[in-house]
Amino acid sequence: MTYYTKSEARPDIGEFYGFHHVRFYVSNSKQAAAFYTSRFGFSPCAYEGLETGNQKFCTNVIRNNQVVLAFTSALTPEDNEVNRHVAMHSDGVQDIAFSVSDARGMYEKATAKGCKGIREPQVLQDEYGSVVIASLQTYGDTIHTLIQNVDYTGPFLPGYRAVTRDDPINAAFPKINLEVIDHIVGNQPDGDMTPTVEWYEKYLEFHRYWSADESVIHTDYSSLRSVVVADWDEVIKMPINEPAEGLRKSQIQEYVEYYGGAGVQHIALRVNDIISTISTLRARGVEFLEVPPKYYDSLRKRLAHSSIQVQEDLAKIEELHILIDFDDRGYLLQIFSKPVEDRPTLFYEFIQRHNNNGFGIGNFKALFESLEQEQEKRGNLV
Ligand SMILES: [Fe+2]
């Protein structure tokens, strides 16, 4: 396992301010958005469709603080990119959009070096103001849209109308506060991790932030390799995984086969009170991976030999199946949902950090054994 140091000078590509939104291509945008509002505590915030003059596509946008998800579906049966994406991948992430300082300049620098452009820079404008927007092709069928806010103060992006009526289900539960997207993980077919990492280094001038290989990330049966890339300010972190040889099929390989190639495996959402968040998410019906009791026996022993004082109630943490990872400076709490699709593809992580910028390496074995139990139930741990 390696932590890298970044260059001292800021690269000339410009600044990344964070994740702007994640766009999913889905078969039914209304129902997909309703799943996340009712289960995860998001609220509707913007809409585009027939009523706003878009005859081809419908998008429902939901948000919780800085976490914004957009669900787009096709309104017609014609052959278009949304219908093709859904036919291949089922519902899945199509666009990881970044807020940036200079969308046009970034697009031009990346494409001049050979990056495939998807949408040339253009200004979008409505009564709320304007943005500059451009898109680049990254792994699989996934793209990155670069969004530069000029003077836009509306609900999502120009062209969308605001939605202010909350899902009434939210009134029945304690409020869920998701702070921000912490990281988004992309799974690659075997052999594609390094070229994908190099894509981020070359075109977006990201740097390697952290990496680990199969000597660290493995169980008795399967293993994987992972490199995390980040922008210079390290507000965007993108772990890139690939399967490694093991006795049985890697969970990454299972993902790639079901998704139909490279794609987003999980989205990690940072919270500041994981115990109340997970208690409420469970009450709302979100399903999480289970952790065997022996994990907590071992954790208590390891904590007893460390200088770390966990502020949260360990009994509550065990009851909720939350995982803890720590080093000599701090700790993090994390938990993983079961897949939110019929296919064993996309899932969510909820993470709370206490002076620890890691990804839970100490939990990988327990986590992967839990994942393999689920893989076994699907008949895919072969
Ligand atoms: Fe993660």
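**Nonpolar cores, iron site and largest pocket**

In this predicted model, the largest nonpolar core comprises 94 residues, of which Phe24, Tyr36, Phe98, Met238, Ile267, Tyr348 and Phe350 touch the most other members. Because domain 1 (14-165) and domain 2 (178-377) both give residues to this core, it lies between them. The surroundings of Phe98 can be listed in detail: when residues up to four places away in sequence are not counted, Phe98 touches Phe16, Gly18, Phe19, His20, His144, Thr145, Leu146, Ile147, Leu204, Phe206, Ile236 and Met238. Another core, of 13 residues, lies apart from the largest one and has Ala46, Val68, Leu157 and Tyr160 among its members.

The iron ion has as its protein donors His183 (NE2), His266 (NE2) and Glu349 (OE), which lie 2.0 to 2.2 Å from the ion, and along the chain these donors follow the spacing H-x82-H-x82-E. Since His183 lies in strand 11 (residues 178-187) and His266 in strand 15 (residues 263-271), the pair ties together parts that are 83 residues apart in sequence. His183 is buried, with a relative accessible area of 2%, and His266 is likewise buried, with a value of 8%.

The largest pocket holds about 500 Å³ of space and is lined by 23 residues, of which Arg23, Tyr25, Glu48, Arg119 and Tyr160 lie nearest its centre. Two or more lining residues each come from strand 2 (16-25), strand 4 (57-64), helix 2 (81-89), strand 6 (92-100), strand 7 (117-126), strand 8 (129-137) and strand 9 (143-149), with strand 7 giving the most, namely four residues.

Methods
Residues are numbered from 1 along each chain as its sequence is written. This is a predicted model: local features need pLDDT of at least 70, side-chain atom pairs count only at pLDDT 80 or more; totals for chains, interfaces and linings use all residues. Side-chain values use heavy atoms; hydrogens and water are left out. Donors are N, O and S atoms within 2.8 Å of the metal (3.2 Å for Na, K and Ca); water is not among the atoms, so sites may look incomplete. Buried means under 20% relative accessible area, exposed over 50%, partly exposed in between (1.4 Å probe, protein chains only). A nonpolar core is a set of buried Ala, Val, Leu, Ile, Met, Phe, Trp, Tyr and Cys residues joined through side-chain atoms within 4.5 Å. Domain bounds come from an automatic or database domain assignment. Contact means heavy atoms within 4.5 Å. On a 1 Å grid over the protein atoms alone, a cavity is a set of points where a 1.4 Å probe fits but cannot get out, and a pocket is an open set with protein on both sides within 12 Å along at least five of seven lines; lining residues have an atom within 4 Å of a point. Grid points are joined across faces, edges and corners, and a volume is the space filled by probe spheres set on the points.
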